[in-house]
Amino acid sequence: MSLTDDLLMLFGKSVSRDPQGLAARLHFFGSVPVDDGTPFPVYAASANEHNPPLDAAVLRPKVVALVSFNGGVGRSTLVTALSSGLQRQGESVLALDLDPQNALRQHFGVDSQASGIGTASLLNAPWQQVRQAGFAGSQVLTFGTTTLQQQENLQRWLKREPRWLAQHLSALDLSARQTVIIDTPAGNNIYFHQALSVADVVLVVAQADGASLGTLDQMEAALAPYRHGERAPRVHFVINKLDEGNAFSLDMVEAFKQRLGHAPLEVHRDMAISEALAFGTDPLDSHGMSLAADDIDDLCRLLKAPKKAV
Ligand SMILES: Nc1ncnc2c1ncn2[C@@H]1O[C@H](COP(=O)(O)OP(=O)(O)OP(=O)(O)O)[C@@H](O)[C@H]1O
Ligand SMILES: [Mg+2]
């Protein structure tokens, strides 16, 4: 039996003879906690069914959501690199931070005092006013600094208003030639569901480790309600920070492959990416970046594929 089989056995099941991954439900980690214990409504189907005019308007830009249940896997980093990469490939990109941590600001080197969508939303102000310049001609909407009280107020509001994000995107009046790339907080939270309700493409970001593999089951369960109907997003799994010199990482990639029934996309670990974050500079400006730059390039090409017709 291979190390991959051993790993999968450890997580509950052997999936090596189950290429569809159907029998590979990894119940080992239990359920993923929700912010305050309140179950989230599923927005996707009902919003599309009952409010077609607004959705038609919202769907003008292509919307890409980066999600994960594990923290620190590189969602914000990839949002930044993909925004720059897509813009360099001729697209018009708006990066959007839905994470109250407000970290995308640092990735894009935006002033820490800059207002963001958090307070703009609470003041019922248009997001247009808080747009900032991103990299390579892209634009970015940061979350902005918010107090704990403001975060709680906004979260309460979002639970009552499942179309909050759809309405704000609609008000931005973006065209079909534009792409919105959304950063979300780790976990099964209200921002995850708001992003899923408008996404054309979902990138589930993971690392080649047991923590990410262990949450795949919950992630698939959380995505399931959105994967039906004509507006169902395309979902891709991306292993980030891949170190091919590490045998364990390669075994974990193999475990993901067997679990998913297909090979995940990959972005290699590259110090130039970490350095770019430290200096708030465009990761794609780094001449030192090699494998990871090619990976980002490939991902951008994938994201340029026409979205599903509605
Ligand atoms: N491909 C990569 N190569 C090297 N370092 C990377 C890569 N991707 C991300 N990192 C580094 O990993 C760390 C975490 O990245 P990032 O903040 O983007 O993760 P995140 O998933 O957004 O985290 P959080 O859950 O806190 O929002 C950062 O130091 C970043 O520079
Ligand atoms: Mg982040």
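In β4, L141 is the bridge partner of R131, and that pair is a handy place to start on this predicted model. R131 belongs to β3 (131-133), one of the two edge strands of the sheet. Three bridges tie β3 to β4 (residues 139-141), with the two strands running antiparallel. The loop between β3 and β4 holds A136, whose phi sits near 60°, a positive value in a residue other than glycine. A136 comes out as partly exposed because 15 other C-beta atoms lie within 10 Å.

Stepping back, the protein has 14 helices and eight strands. Of its 310 residues, 45% count as buried. Contacts reach far along the chain: among those between residues at least 6 apart in sequence, 78% join residues at least 24 apart.

The sheet itself is open and has eight strands, in the order β3-β4-β2-β5-β1-β6-β7-β8, with mixed pairing. β3 and β8 (265-268) sit at the edges, each pairing on one side only. On average, neighbouring strands are turned by 25° against each other, direction ignored. Helix α14 (residues 291-303) packs on this sheet, where it touches β1 (62-67), β5 (178-183), β6 (201-207) and β8. The direction of α14 makes about 145° with that of β8.

What about the stretch of the sheet from β1 to β8? β1 and β6 pair in the parallel sense over four bridges, and V64 has V201 as its bridge partner in β6. Moving on, β6 and β7 (234-242) also run parallel, joined by seven bridges. Across that pairing, V204 stands opposite F237 and A206 stands opposite I239. The run ends with β7 and β8, again parallel, with three bridges between them; here V238 has L265 of β8 as its bridge partner.

β6 deserves a closer look. Seven of its seven residues are buried, so the strand is largely enclosed by the rest of the structure. Both faces are covered: on one side V201, L203, V205 and Q207 are buried, and on the other V202, V204 and A206 are too.

Nonpolar side chains tend to be buried together in soluble globular proteins. In this model the largest nonpolar core has 72 residues, and those with the most contacts inside it are V64, A65, L82, I182 and A195. Take A65: leaving aside neighbours within four places in sequence, A65 is in contact with I182, T184, A195, L196, A199 and V202. Of these partners, I182 and A195 are themselves among the residues with the most contacts in the core, while V202 is one of the buried residues of β6.

Next comes the ligand. Ligand 1 is surrounded by 20 residues, the closest being G71, G74, S76, T77 and S274. Three elements give two or more residues to this shell, namely α4 (75-88), β7 and α13 (271-279). By class, the shell has seven nonpolar, eight polar and five charged residues.

Away from the ligand, helix α8 (residues 164-171) has L165, A166, H168, L169 and S170 buried. H168 also links to another part of the chain: its C-alpha atom and that of A125 are separated by 9.8 Å, although the two residues are 43 apart along the chain. A125 is placed in the loop between α6 (117-122) and β3. Unlike the buried H168, A125 is partly exposed, with 13 other C-beta atoms within 10 Å.

Lastly, a word on backbone angles. Most residues other than glycine have a negative phi. Besides A136, with its phi near 60°, two further residues go against that pattern. D173, just after α8, takes a positive phi of about 55°. N102, in the loop between β2 (92-97) and α5 (104-107), has a positive phi near 60°. N102 counts as partly exposed because 19 C-beta neighbours lie inside 10 Å, where 20 or more would make a residue buried.

Technical notes: Residues are numbered from 1 along each chain as its sequence is written. Chains are lettered from A and ligands numbered from 1 in the order in which they are written. This is a predicted model: local features need pLDDT of at least 70, side-chain atom pairs count only at pLDDT 80 or more; totals for chains, interfaces and linings use all residues. A residue is near a molecule or strand if its C-beta atom, placed from the backbone, lies within 6 Å of it. Ala, Val, Leu, Ile, Met, Phe, Trp, Tyr, Cys and Pro count as nonpolar, Asp, Glu, Lys and Arg as charged, and the others, Gly among them, as polar. A residue is buried if 20 or more other C-beta atoms lie within 10 Å of its own, exposed if 12 or fewer, and partly exposed in between; C-beta atoms are placed from the backbone. Two strands pair if DSSP finds at least two bridges between them. Axes are lines fitted to C-alpha atoms, for helices over the stretch in contact, and angles run from 0 to 180 degrees between N-to-C directions. Two residues are in contact if their C-beta atoms, placed from the backbone, lie within 7 Å. A nonpolar core is a set of buried Ala, Val, Leu, Ile, Met, Phe, Trp, Tyr and Cys residues joined through C-beta atoms within 7 Å.
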